[in-house]
Amino acid sequence: MSKESGEKLTGVQKAAVLLIVLGPEKSATIFKHLKEDEIEELTLEIANTRTITPQMKEEVIEEFYQVCLAQQYIAEGGINYAKELLEKSFGEDKAKDVIGKLTASLQVKPFEFVRKTDPSQLLNFIQDEHPQTIALILSYLSPAQSALIISALAPDRQADVAKRIAMMDRTSPDIIKEVEKVLESKLASLVNQDYTIIGGVDAVVEILNTVDRGTEKHIMETMEIEEPELADEIRKKMFVFEDILLLDDRAIQRVLRDVDNSDLAIALKGSNEEVQNAIFNNLSKRLAVMIKEDMEFMGPVRMKDVEEAQQKIVNIIRKLEDSAEIVISRGGGDEIIV
């Protein structure tokens with residue numbers, strides 16, 4: 001790409017210019033958050049970029065800064081708040097242009113105003129609603145907010161709401177708008193008219209990983225009776241092997257005492273360097289060398305075997321947590337052990 005300063009760049013070309021300006025290290029970090037086809041498209045565009053004029057560089061960086069600023073303002077106070085601040089900084093036309101670009105590509109979630117509300121106040125507002133309505137609202141909140149609310153619900157409603165979140169798939173925008181209207185929604189006009197994917201197992205897993213252990217146990221025990229297959233699917237996702245980084249050294253050492261060395265070698269074969277280091281640092285030097293040699297000599301391993309070995313270790317971790325031999329760092333109302 002070699003363009004004159006006055007010639008208009010496409011979005012992909014601007015992204016390529018920005019990544020070149022940012023340099024390889026920062027660009028590599030950004031690539032981690034992109035899809036494969038996006039990476040391929042950008043890589044090709046970067047490869048074809050021949051000349052970047054100082055004016056082009058300045059314009060792209062300035063636009064990127066304005067978009068980042070707009071996103072920050074939207075997160076802080078919503079679209080109207082962002083528009084007001086951008087108008088003061090860049091003028092009405094530029095503010096409208098930046099907001100327009102964002103709303104064209106960025107789906108502003110429903111219940112924006114709810115996420116600005118204190119969870120305790122929101123609890124008073126929704127606790128008497130139908131469990132399905134509560135589940136819909138919690139699906140749009142952050143896991144931390146949802147965890148506070150679901151923990152404060154009556155015990156007989158906790159599992160019901162959690163189950164409804166997990167089983168929720170697609171919700172009609174008309175229903176979302178109706179619920180928003182009841183909650184005096186401020187952003188109903190921004191809801192995309194396509195069906196919106198919300199809830200699901202991943203959503204309830206994030207919430208359950210954030211609530212206190214007592215609430216989690218009650219919900220899971222109830223769900224295991226009412227929906228055993230769903231409970232099993234949720235439990236498998238609740239603590240993944242990489243979450244071993246949440247354990248302190250003493251807890252890791254306790255876990256490793258119950259782990260078969262062959263399972264450990266296979267499990268580590270498919271884990272990242274940070275997890276491997278956390279494990280090796282809690283093994284004796286002799287055993288660490290032995291495990292590393294096993295990993296080297298075993299050659300390629302099927303992903304299925306890696307996942308099975310990791311799940312065995314995860315099951316040991318959960319068993320030790322249930323018996324209070326180790327503590328997993330989590331949010332909510334866990335007691336502090338000193």
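Helix 17 and helix 20 sit oblique to each other, because their angle falls outside the bands for roughly parallel (under 35 degrees), roughly antiparallel (over 145) and roughly perpendicular (65 to 115). This is a predicted model, where local features need pLDDT of at least 70 and side-chain atom pairs pLDDT 80 or more, while totals for chains, interfaces and linings use all residues. Residues are numbered from 1 along each chain as its sequence is written, and side-chain values use heavy atoms, leaving out hydrogens and water.

Let's start with that pair. The axes of helix 17 (residues 261-269) and helix 20 (residues 303-322) cross at roughly 120° and come within 8 Å. The crossing of helix 17 past helix 20 is left-handed (the near helix turned anticlockwise from the far one by less than a right angle; clockwise would be right-handed). On the helix 17 side, Asp263, Leu264, Ile266 and Ala267 make the contact (heavy atoms within 4.5 Å), and helix 20 brings Asp305, Val306, Ala309, Gln310, Lys312 and Ile313. Sorted by class, that contact has six nonpolar, one polar and three charged residues.

Now for the other pair. Helix 9 (residues 131-140) packs against helix 11 (residues 155-167) at an angle of about 60°, and their axes are 8 Å apart. So helix 9 is oblique to helix 11. Here the crossing is right-handed. Helix 9 offers Pro131, Gln132, Ile134, Ala135, Leu138 and Ser139, which meet Arg157, Asp160, Val161, Arg164 and Ile165 of helix 11. The tally for this contact is six nonpolar, two polar and three charged residues.

Notes
Axes are lines fitted to C-alpha atoms, for helices over the stretch in contact, and angles run from 0 to 180 degrees between N-to-C directions. Helices (H or I, at least four residues) and strands (E, at least two) are DSSP runs, numbered from the N terminus. Ala, Val, Leu, Ile, Met, Phe, Trp, Tyr, Cys and Pro count as nonpolar, Asp, Glu, Lys and Arg as charged, and the others, Gly among them, as polar.
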